[in-house]
Structure formats: C-alpha cells, structure tokens
Amino acid sequence: MHAFGRWSVRLLVWSLVLGHAAAGEPIENRPRSYVIPIMKAPVLDGAIGADEWPTLSISRFIESAVPTQPMTPSTVLQARDGGVLLGSDGATLFIAYRSSVHPQYGPIFNGKRDPEKEAVRIGHDDSVEMWFDPAPDAPDSVSVQILGNWKGDTTAAFIPRGTAQNTRQWPLPGFHQAHGVTNGAWVAEYAIPLSSFGVTDTTKPFGVRLCRNFCAPWNQSRWEWGTTAFNDPATMCRIIVNPAAPIVRETGFYDAAGMRLGLDVTNATAQPVSY
C-alpha cells in the first residue's frame with residue numbers, strides 16, 4: 001500500500017487507466033474508476049477551460065473492432081487524436097469530449113433526419129455514443145443510450161435488461177450540451193442529471209461506456225478495450241464518486257516508438273490518500 005499527500009506524481013506507463021474485463025469476470029475485475037466530486041460545475045460553452053475539469057481525464061480512444069472482423073474486439077489505439085473528461089458533483093454527470101475532425105472536410109453531417117432512423121443516421125455523423133446503467137449488476141436494471149452529433153442533434157433510448165425493445169425519450173429533463181469546432185478539433189460538453197438514468201447513490205458503482213464515431217473513414221472507438229459490446233452492463237466501466245479519490249489524468253503523447261501514456265495522479269484533498 002502506498003500513500004501520497006497533497007502533491008502530484010507522474011508515471012510513464014504502457015497500460016491503460018481503465019484496464020480490461022473479459023466477459024464472465026467478477027465485478028472486482030471490471031474496469032473501475034473513482035472520481036472526486038467536482039466542487040464547481042464546468043461552464044458548457046464548447047471550449048474546455050484549463051481549470052474547469054479537475055477530474056478523470058482519458059487522453060486517447062481505442063478502436064472498437066478489428067476493421068476486417070467487426071465482431072472481434074480491437075486493442076489498437078485510434079490514430080486520430082481524442083480524449084474524454086468525466087466528473088460529477090453528486091447530482092449531475094459532466095462529460096467532455098475533445099477529438100479531431102477531418103483535416104479537409106471538417107466535422108461531417110449526413111443531412112436531414114428521418115425520425116424513424118434518427119439514431120442510426122446520427123451515428124454516421126461525427127458523433128458520440130454514451131451508455132449508462134444505474135445498477136449494472138442487477139437483473140432488472142434499465143440501460144440508457146444517448147447518441148449525439150456535433151450539431152447538437154441528440155436522441156436517447158431506454159432499454160430494459162434482457163430485451164431488445166427500447167423507449168425513446170427526448171429531451172431528457174435537465175440535460176444540457178454545448179459544442180465548438182476550432183483548429184480541427186470538436187469539443188462536445190454535456191451535463192446529464194444522474195437521476196435521468198436512475199442513479200440515486202453515487203457511492204455505489206454505476207456503469208458508463210463512452211464512444212466516439214469518427215468519419216472519413218468511419219470508425220467507432222471507445223475509452224475501454226477488449227469488447228465490441230454496447231448494451232452490455234457486464235463490460236461497462238464502473239464509476240464511483242468518492243470525496244477521498246485522487247484526480248487521475250492520462251497524458252498521452254506520440255514519439256518514434258509509438259504512443260505512450262503518462263499518468264498524472266493528484267491528491268486534491270487535505271488528507272493522505274492510500275491506494
């Protein structure tokens with residue numbers, strides 16, 4: 001066991017913060033992250049301020065599947081730049097994506113919507129896909145899918161466990177978003193009330209899966225690796241809000257050997273943290 005006080009330690013690692021969980025593994029081995037509560041809500045303006053997001057930061061995406069084998073999970077880093085921030089104040093989940101768009105075409109939009117196929121068409125724009133489950137280990141929980149593009153077109157589906165049926169509901173009460181495209185990068189910021197997908201106790205783990213749909217060429221990537229699943233709570237990352245948690249940030253960079261990942265771990269509390 002190690003302890004560190006009110007300071008930051010930086011490590012160079014080859015592994016990923018969120019780890020890997022194969023189907024059938026117990027909950028203790030699922031990807032899991034503890035996040036410290038955000039004391040001041042970030043401003044949603046389509047730009048990520050330097051000090052607005054003192055919380056979990058992931059500095060890359062992983063391709064969901066092997067390109068020639070769509071059902072085979074990939075372990076390949078997405079070559080296009082991107083990352084995601086996630087935090088909560090205990091009542092709202094705050095999520096920010098920052099990712100590159102096509103250098104020539106910019107962010108891609110497919111055009112007018114067919115209401116019956118809205119979710120599918122949004123998924124083929126430059127877009128994000130977010131999955132949440134308030135009780136990922138319960139047999140009777142309901143997963144929620146939120147899909148949105150860079151223009152702010154958004155849809156939500158509620159899917160009870162063990163069924164392919166879904167109920168679409170939009171807008172979600174209290175949901176807010178903002179988008180900006182600057183210097184070849186799209187920033188998408190979201191504020192989602194935890195109650196809108198059934199979370200009432202943030203000290204218990206709830207499931208989160210965050211994906212990014214890149215265009216030209218199309219490729220879906222996500223923040224975890226080793227699974228192609230979507231509505232599969234068993235393989236979702238577990239998020240727990242804990243006032244004693246450190247702030248963990250990936251600090252990825254490329255060099256001649258490929259992409260390396262640094263970890264910046266900061267104790268923002270007045271007490272030593274053990275891990």
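In this predicted model, residue M39 sits in the loop that runs between β3 and β4 (56-58). Because its relative accessibility is 79%, above the 50% that marks the limit for exposed residues, M39 counts as exposed. Its C-alpha lies 8.7 Å from that of S88, although M39 and S88 are 49 residues apart in sequence.

**Overall makeup**

The chain is built from one helix and 22 strands, and 50% of its 275 residues count as buried. If one takes the contacts in the chain with a separation of 6 or more, 63% of them are between residues 24 or more positions apart.

**I247 and the cavity**

A contrast to M39 is offered by I247, a residue of strand β19. Is I247 buried or exposed? I247 is buried, because its relative accessible area of 6% falls under the 20% cut-off. When residues up to four places away in sequence are not counted, I247 touches I36, P54 and T55, and also D264, V265, T266 and A268.

The two residue pairs for which a C-alpha to C-alpha distance is given are set out below.

| Pair | Apart in sequence | C-alpha to C-alpha |
|---|---|---|
| M39 and S88 | 49 residues | 8.7 Å |
| I247 and L56 | 191 residues | 6.0 Å |

Both I247 and L56 also belong to the lining of the largest cavity, which is completed by Y34, V35, I36, T55, P246 and V248. By class, this lining comprises seven nonpolar residues and one polar residue, with no charged residues. At least two of the lining residues come from each of the strands β3 (32-35) and β19 (247-250). The space in this cavity is about 40 Å³, and the count of cavities of 30 Å³ or more comes to one.

**Strand β15 and its partners**

Strand β15, which covers residues 185-193, is mostly covered, with nine of its nine residues buried. In a regular strand, side chains alternate between the two faces of the sheet. In β15 both faces are covered, since A185, V187, E189, A191 and P193 on one side are all buried, as are W186, A188, Y190 and I192 on the other.

Which strands pair with β15? Strand β9 (residues 92-100) runs antiparallel to β15 and is joined to it by nine bridges, with T92 having P193 of β15 as its bridge partner. Strand β14 (residues 176-182) is likewise antiparallel to β15, and seven bridges join these two strands; here T182 has A185 as its bridge partner in β15. β14 and β15 form a hairpin with two residues between them, and in the turn N183 has a positive phi of about 55°.

**Nonpolar cores**

The largest nonpolar core has 38 residues, and those with the most contacts inside this core are I95, Y97, M130 and W223. Leaving aside its neighbours within four places in sequence, M130 is in contact with I95 and Y97, with V144, Q145 and I146, with Y190 and I192, and with R209 and L210. Apart from this core lies another, made up of six residues, among them W53, L85, A96 and A191. Within β15, A191 is on one side of the strand, whereas Y190 and I192 are on the other.

How values were computed. Residues are numbered from 1 along each chain as its sequence is written. This is a predicted model: local features need pLDDT of at least 70, side-chain atom pairs count only at pLDDT 80 or more; totals for chains, interfaces and linings use all residues. Side-chain values use heavy atoms; hydrogens and water are left out. A nonpolar core is a set of buried Ala, Val, Leu, Ile, Met, Phe, Trp, Tyr and Cys residues joined through side-chain atoms within 4.5 Å. Buried means under 20% relative accessible area, exposed over 50%, partly exposed in between (1.4 Å probe, protein chains only). Contact means heavy atoms within 4.5 Å. On a 1 Å grid over the protein atoms alone, a cavity is a set of points where a 1.4 Å probe fits but cannot get out, and a pocket is an open set with protein on both sides within 12 Å along at least five of seven lines; lining residues have an atom within 4 Å of a point. Grid points are joined across faces, edges and corners, and a volume is the space filled by probe spheres set on the points. Helices (H or I, at least four residues) and strands (E, at least two) are DSSP runs, numbered from the N terminus. Ala, Val, Leu, Ile, Met, Phe, Trp, Tyr, Cys and Pro count as nonpolar, Asp, Glu, Lys and Arg as charged, and the others, Gly among them, as polar. Two strands pair if DSSP finds at least two bridges between them.
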